[in-house]
Amino acid sequence: MVLLKEKQRNAPVFWEQAKNDLAKRDPVMQRLVSQFNDSALYSRGDAFTTLVRAIIGQQISVKAAASVWQKLATVLSNITPENLYSIDTEILRTCGLSGRKISYLQDLSERFIQGGYDEIAWQKMNDEALITHLIQIKGIGRWTAEMFLIFYMQRPDVLPLADIGLQRAVSIYYNGNQPIEKNRLQTLATNWRPWRSVATWYLWRSLDPIPIDY
C-alpha cells in the first residue's frame with residue numbers, strides 16, 4: 001500500500017492535439033497512439049516528488065525504479081523535503097538507494113527546505129535555460145532535468161537523446177532493430193516537432209508494461 005498522498009494528476013492540455021498530429025504524420029506513432037489510446041503522460045503536480053523520482057530512476061530500469069519508490073513511499077508516510085532530509089540513511093539503503101543517490105536526495109531536500117523552489121521563475125525560462133538552471137543542483141544532470149521538463153513542467157518538445165529507452169525504441173521501430181546514433185535520432189525526431197515529448201512517451205510506453213512515471 002502506497003501511503004504517499006499525491007495531488008490531482010492531469011494530462012497536458014496539448015495531449016490530444018499532439019497525439020493526433022503525430023498519428024497523421026508518422027505511421028509508427030499512429031500505431032502506438034492507437035495501441036495506448038487509453039493512457040497519457042500525467043503530472044504529479046509536485047516538483048519535489050518529480051525530481052526525487054527522476055533521481056531514483058537514474059540508470060536503472062522502470063521496474064526497479066518503481067520498486068524503490070514503493071519502498072520509500074512505505075517507510076515515509078509523506079515524502080516531503082523535511083521528511084526525506086531527516087530520515088536515517090540506513091533506512092534509505094533498505095529501500096534500495098545507493099549511497100550516491102541518498103546524498104543527491106538529501107542535497108535536493110535541503111535546497112527545497114531553504115527555498116530552492118521558484119515556480120514563477122521556472123515558468124519564464126525556456127527549455128535550455130531551465131535545464132542549465134537545474135543541472136546546478138547536485139545529482140541532477142541533463143537527463144534528470146529533461147524528465148522534470150517532460151513530467152512536471154509538461155513541456156511539449158523535449159527530446160532526451162541520452163535516454164536508453166528512447167534509443168532502444170527508435171532502433172526497434174525506425175532502424176531495423178539496429179543501434180542508432182544520437183545525431184541520426186535527432187534528425188529523425190524533427191518529424192515529431194513540436195511534440196517530441198509526446199512521441200518519446202509513446203515510444204517508452206511501447207517498451208514497458210509499467211508506464212514511465214516521474
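I will go through how the two domains of this chain meet.

The model is predicted. The domain assignment splits the chain in two. Domain 1 is made of two stretches, 21-33 and 159-207, and domain 2 covers 47-152. Taken over C-alpha atoms, their centres are 26 Å apart.

Now the interface. On the side of domain 1, seven residues make contact, and they meet five residues of domain 2. Together the two domains bury about 450 Å², and 74% of that is on carbon and sulfur atoms. Which three residues supply the most of the area that domain 1 buries against domain 2? They are Pro160, Ser197 and Trp204, with 63% of it.

As for the character of that side, the residues of domain 1 that touch domain 2 comprise five nonpolar, one polar and one charged. The rule finds zero salt bridges across the interface. For polar contacts, it finds one residue pair.

Next, the core. The largest nonpolar core has 73 residues. Within that core, Leu72 and Trp192 touch the most other members. Where does this core lie relative to the two domains? Both domain 1 and domain 2 give residues to it, so the core lies between them.

Last, a look at Trp192. Setting aside neighbours within four places in sequence, Trp192 is in contact with Leu22, Arg25, Asp26 and Met29, and also with Leu159, Val170, Tyr174, Ala199 and Leu203. That list includes charged residues, Arg25 and Asp26 among them.

How values were computed
Residues numbered from 1 in each chain as written. Predicted model: local features only at pLDDT ≥ 70, side-chain atom pairs only at ≥ 80, totals over all residues. Heavy atoms only, no water. Domains from an automatic or database assignment. Contact = heavy atoms within 4.5 Å. Buried area = accessible area lost by both parts, 1.4 Å probe. Salt bridge = Lys/Arg side-chain N within 4 Å of Asp/Glu carboxyl O. Polar contact = N/O pair within 3.5 Å; in protein donor to acceptor, adjacent residues only side chain to side chain. Core = buried A, V, L, I, M, F, W, Y, C linked by side-chain atoms within 4.5 Å. Buried < 20%, exposed > 50% of the residue type's maximum accessible area, 1.4 Å probe, protein only.
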